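Colleague: I am new to this structure and would like a close look at a single part of it. Please take one helix packing and keep to plain terms.

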Amino acid sequence: MAFPSDFRQAQPADQADGLRRLFSVRSVRFIPVVSNPFVQHQDQLLHRMMVALESLGLYTLMVNASERSPRARDGGFDGLAKFIEPRSDRRAYLAARGLPERWSESVAGPRGFLRAIIDAAPLSQAVLLHASAAELARLFGSGEQGLSRPRPLVLCDERADAVTHAYASLKRLATEVGWREHDMLMSAEIDAPASWHVPGRLAQCADLFFGGVQNDCIEIVPTRPATWRAAEALAAFMDSALQAGAAFVPASQRRPRPGAAPRPISSPSLQPMV
């Protein structure tokens, strides 16, 4: 990914304070995006999210491991960098369907895949990882092994199959790995009033049946060019999602497991670098 070496000076003035704090040390934030094969215009939704993060001055990689993504090419274990496609000076794309499962079954394990992404795109600051709820649960887990627990972003629209799939994904994430908070991005058709009621209905069901909490929701019309106001709203939404993204936590900041004896750290130079 041919990002310029002075990328850290490229932060914009607006929203810069929070982003400076977020990236005051070398870090990569993963935003898990829960795929939904019944949502139309998913490619446009993913593109809008990438553009929103780019507008915040961030170098962004989209890792598409969803059910409808192109299959990853052979040779992924030799390094992912050669498969990354630049989309702009600050955006890049990796077709990765099947790769998380292959990495999870290897000796590197699911966290190895996340670290391989960092190695392949070392200047990326935000990684959108688009995959099924089952795949995301396997990759990120419940906040163990030095990886903070993220708040997933769920895709949906007003179609019954899409709503059912979104609910099933939320339930799976809550029951399997304890992810009860989520954000929702609604894909709306032009002049489709039904879509406005879906987020509230899903939030009520999630709260009632497994203690789910909808943190934020935004609705966009992917078939209509984005207005300045809509682009600003989506940028703020993605900024919040980024703040809640997963990151590898240095060993000195990890909380010990209950009953586990603290492990002494002999030298600061032994801290993992990501």
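At what angle do helix 2 and helix 8 pack, and how far apart are their axes?

Modeller: This is a predicted model, in which local features need pLDDT of at least 70 and side-chain atom pairs count only at pLDDT 80 or more, while totals for chains, interfaces and linings use all residues. Residues are numbered from 1 along each chain as its sequence is written, and side-chain values use heavy atoms, with hydrogens and water left out.

Helix 2 covers residues 42-55 and helix 8 residues 228-243; they pack at about 85°, with axes 8 Å apart. Helices here are DSSP runs of H or I, at least four residues, numbered from the N terminus. Axes are lines fitted to C-alpha atoms over the stretch in contact, and angles run from 0 to 180 degrees between N-to-C directions. Helix 2 is therefore roughly perpendicular to helix 8 (65 to 115 degrees).

On helix 2, the contact (heavy atoms within 4.5 Å) is made by Arg-48, Met-49, Ala-52, Leu-53 and Ser-55. Helix 8 contributes Leu-234, Ala-235 and Met-238. Six of the residues in this contact are nonpolar, one is polar and one is charged. Nonpolar means Ala, Val, Leu, Ile, Met, Phe, Trp, Tyr, Cys and Pro; charged means Asp, Glu, Lys and Arg; the others, Gly among them, are polar.

Met-50 also lies in helix 2. Met-50 counts as buried because its relative accessibility is 4% (buried is under 20% relative accessible area, with a 1.4 Å probe and protein chains only). Beyond its neighbours within four places in sequence, Met-50 is in contact with Thr-60, Met-62, Arg-91, Ala-92 and Leu-128. Met-50 and Arg-87 are 37 residues apart in sequence and 9.9 Å apart in space, C-alpha to C-alpha.

Terms used. Helices (H or I, at least four residues) and strands (E, at least two) are DSSP runs, numbered from the N terminus. Angles under 35 degrees count as roughly parallel, over 145 as roughly antiparallel, 65 to 115 as roughly perpendicular and the rest as oblique. Buried means under 20% relative accessible area, exposed over 50%, partly exposed in between (1.4 Å probe, protein chains only).
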